[in-house]
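Let us walk through this structure step by step, beginning with pairs of charged side chains and moving on to the way two helices meet.

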Amino acid sequence: MLNQEPMIYSILIDFVFSGARVILACRNVMRAERAATDIMKKSNTQNVAVKIVDLASLESIRKFADDINKTEPRVDILINNAGLSHGL
């Protein structure tokens with residue numbers, strides 16, 4: 001679950017309650033699946049998807065972007081909740 005990020009978690013639940021499709025783009029599959037399951041239980045909807053991306057890898061980002069372009073008709077809002085820890 002996203003217990004360490006209660007603000008973003010609340011925002012995602014609000015989006016789902018509003019009818020939005022939420023895609024959790026995460027590096028850790030297990031944490032993402034747990035968060036998606038929790039959001040779906042709390043919102044009583046299945047409109048949450050998990051996609052894997054490692055923001056430290058340009059190849060992973062390109063694959064993720066290609067997947068989104070092929071599978072999603074549009075993206076209305078993008079929230080980046082990841083931080084950069086090296087290279088700056």
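In this predicted model, a good place to begin is helix 2, which covers residues 29-43 and holds both Lys42 and Asp38, four residues apart, or about one turn of the helix. These two residues form a salt bridge, in which the closest N and O atoms are 3.3 Å apart. The partners are not equally accessible: Lys42 is partly exposed, with a relative accessible area of 46%, whereas Asp38, at 11%, is buried, because a residue counts as buried when its relative accessible area is under 20%.

A second pair is found in helix 3, where Lys70 forms a salt bridge with Asp66, with 3.0 Å between the closest N and O atoms. Here too the partners are four residues apart in one helix, and so about one helical turn separates Lys70 from Asp66. Lys70 is exposed, with a relative accessible area of 66%, while Asp66 has a relative accessibility of 36% and therefore counts as partly exposed.

The next pair joins two elements. Asp67 forms a salt bridge with Lys51, and their closest N and O atoms are 2.8 Å apart. Because Asp67 lies in helix 3 (residues 58-71) and Lys51 in strand 2 (residues 48-52), this pair ties together parts that are 16 residues apart in sequence. Asp67 is partly exposed, with a relative accessible area of 29%, whereas Lys51 is buried, with a value of 13%. The salt bridges described here are among the six that the model contains.

We can now return to helix 2 and look at its neighbour. Two packed helices are described by the angle between their axes and the distance between the axes. For helix 1 (residues 6-17) and helix 2, the axes come within 10 Å and cross at roughly 50 degrees, and the two helices are therefore oblique to each other. The crossing in which helix 1 passes helix 2 is right-handed. On the side of helix 1, the contact is made by Tyr9, Leu12, Ile13, Val16 and Phe17, and on the side of helix 2 by Asp38, Ile39, Lys42 and Ser43. Sorted by class, the residues of this contact are six nonpolar, one polar and two charged. Asp38 and Lys42, which take part in the contact with helix 1, are also the partners of the salt bridge within helix 2.

Technical notes: Residues are numbered from 1 along each chain as its sequence is written. This is a predicted model: local features need pLDDT of at least 70, side-chain atom pairs count only at pLDDT 80 or more; totals for chains, interfaces and linings use all residues. Side-chain values use heavy atoms; hydrogens and water are left out. A salt bridge is a side-chain nitrogen of Lys or Arg within 4 Å of a carboxyl oxygen of Asp or Glu. Buried means under 20% relative accessible area, exposed over 50%, partly exposed in between (1.4 Å probe, protein chains only). Axes are lines fitted to C-alpha atoms, for helices over the stretch in contact, and angles run from 0 to 180 degrees between N-to-C directions. Angles under 35 degrees count as roughly parallel, over 145 as roughly antiparallel, 65 to 115 as roughly perpendicular and the rest as oblique. A crossing is left-handed if the near helix is turned anticlockwise from the far one by less than a right angle, and right-handed if clockwise. Contact means heavy atoms within 4.5 Å. Ala, Val, Leu, Ile, Met, Phe, Trp, Tyr, Cys and Pro count as nonpolar, Asp, Glu, Lys and Arg as charged, and the others, Gly among them, as polar.
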